[in-house]
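This note is addressed to a colleague who is meeting the structure for the first time. Its points move from the chain as a whole to particular strands, loops and helices.

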Amino acid sequence: MEFPLLRVNDSLLSCLIVEEVHLTATGRNSTNETGNATRHGEMEALDVFIEERTGFSSAEVAEKFSACSLYVTCESCIMCAAAKSIIGTSVGHIEIKLKFRQIC
């Protein structure tokens, strides 16, 4: 399986949310562009995941998310690790030796 690497301004920090083998959301670190220190890849990907499920109840979104895995290119900071702990998803770290497809 080939995952996209979201590279902007030489930042290789990315996050993928995968359901079974389907890529459902992606995010990348956008702290420099936005000036918002909370815009890490995990938060960006979670926002995309939630926005794509507008109209669903919170319970439906939570149920859908519980079937997903979240992958990041490096170890999460304390903020993102806490968020992942609260939402209760399985987490994996992508090894850089995997084949990435640049999409930006």
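1. A loop residue makes a convenient starting point: S30 is placed in the loop that joins β3 to α1 (31-34). Is this serine buried or exposed? S30 counts as buried, because its relative accessibility is 5% and the cut-off for burial is under 20%. When neighbours within four places in sequence are set aside, S30 is in contact with R39 and E44.

2. The model under review is a predicted one. Its chain contains four helices and six strands, and from the N terminus on these elements follow the order β-β-β-α-α-α-β-α-β-β. Of the 104 residues, 38% count as buried. The exposed surface of the chain amounts to about 6,400 Å², with carbon and sulfur atoms supplying 53% of it. Among contacts in the chain with a separation of 6 or more, 46% join residues that are 24 or more positions apart.

3. Strand β2 (residues 14-19) deserves attention for its cover. Six of its six residues are buried. On one side these are S14, L16 and V18, and on the other C15, I17 and E19, so that both faces of the strand are covered.

4. Which strands pair with β2? One partner is β3, which runs antiparallel to β2 and is joined to it by six bridges; within this pairing, S14 stands opposite R28. Another is β4, which pairs with β2 in the antiparallel sense over five bridges. In that second pairing, C15 stands opposite V72, and the bridge partner of V18 is S69.

5. The link from β2 to β3 merits a separate remark. The two strands form a hairpin with two residues between them. E20 lies in this loop, between β2 and β3 (22-28), and has a positive phi of about 55° although it is not a glycine. In contrast to the buried residues of β2, E20 is exposed, with a relative accessible area of 69%.

6. Strand β4 (residues 68-72) shows an alternating arrangement of side chains. In a regular strand, side chains alternate between the two faces of the sheet. Here C68, L70 and V72 point to one face and are buried, whereas S69 and Y71 point to the other face and are not buried.

7. Turning to the helices, α2 (residues 41-51) and α3 (residues 58-66) have axes that come within 11 Å and cross at roughly 125°. The two helices are therefore oblique to each other, and their crossing is right-handed. On the α2 side the residues that meet α3 are L46, F49 and I50; their counterparts in α3 are V61, K64 and F65.

8. Helix α2 also packs against α4 (residues 78-87), at an angle of about 40° and with the axes 9 Å apart. This angle makes α2 oblique to α4 as well. The contact is made by E42, M43 and L46 of α2 together with M79, C80, A83, K84 and I87 of α4. L46 thus appears in the contact with α4 and also among the α2 residues that meet α3.

Methods. Residues are numbered from 1 along each chain as its sequence is written. This is a predicted model: local features need pLDDT of at least 70, side-chain atom pairs count only at pLDDT 80 or more; totals for chains, interfaces and linings use all residues. Side-chain values use heavy atoms; hydrogens and water are left out. Buried means under 20% relative accessible area, exposed over 50%, partly exposed in between (1.4 Å probe, protein chains only). Two strands pair if DSSP finds at least two bridges between them. Contact means heavy atoms within 4.5 Å. Accessible areas come from the Shrake-Rupley method with a 1.4 Å probe; for residues, only the protein chains shown count as cover. Axes are lines fitted to C-alpha atoms, for helices over the stretch in contact, and angles run from 0 to 180 degrees between N-to-C directions. Angles under 35 degrees count as roughly parallel, over 145 as roughly antiparallel, 65 to 115 as roughly perpendicular and the rest as oblique. A crossing is left-handed if the near helix is turned anticlockwise from the far one by less than a right angle, and right-handed if clockwise.
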